[in-house]
Amino acid sequence: MDRIQFYEVIYSIVKEIPVGYVTTYGQIAYLAGQPQYARMVGRALFHAPKERHLPCHRVVNHAGRLAPNFPDQRALLTEEGVAFRDNGCVDMKKHQWNE
């Protein structure tokens, strides 16, 4: 699978994440059949075309930590009803999407 095909698979998975839930870069890589490519998932999302309107804000790291260069991520998740723990991470027990 080349990079463009990989990105397309990632985008198709991300668009399925329901409102009020999050998933991790690693989980998306696993669902794409490339479990060792979590960082490539992040790169794919960074380069996601805006016109696709993908819910990239619903992707966090394995601990529920938000993306460092995505200042609106918390507000978007809060609008969807996602709860955060005192440490600023998403409450993964309540909101992790397990496809």
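Ile28, leaving aside neighbours within four places in sequence, is in contact (heavy atoms within 4.5 Å) with Ile10, Ile13, Val14, Thr23, Val41 and Val59. The model is predicted, so local features need pLDDT of at least 70 and side-chain atom pairs count only at pLDDT 80 or more, while totals for chains, interfaces and linings use all residues. Residues are numbered from 1 along each chain as its sequence is written, and side-chain values use heavy atoms, with hydrogens and water left out.

**Nonpolar cores**
- The largest nonpolar core (buried Ala, Val, Leu, Ile, Met, Phe, Trp, Tyr and Cys residues joined through side-chain atoms within 4.5 Å) has 18 residues, and those with the most contacts inside it are Ile10, Tyr11, Val14, Ile28, Val41 and Leu45.
- At least two residues of this core come from each of α1 (3–14), α2 (25–31) and α3 (38–46), where helices are DSSP runs of H or I with at least four residues and strands are E runs of at least two, numbered from the N terminus.
- With six residues, α1 gives the most to this core.
- A second, separate core of seven residues includes Val22, Val60, Val82 and Val90.

**The two sides of α3**
- Val41, Ala44 and Leu45 are the buried residues of α3, buried meaning under 20% relative accessible area, exposed over 50% and partly exposed in between, with a 1.4 Å probe and protein chains only.
- Seen down the axis of α3, these buried residues fall within an arc of 95° (taken from the directions from the helix axis to the C-beta atoms), so they line one face of the helix.
- The buried residues of α3 pack against α1, α2 and β2 (59–60), whereas the face turned away from the buried side carries the exposed residues Arg39 and Phe46.
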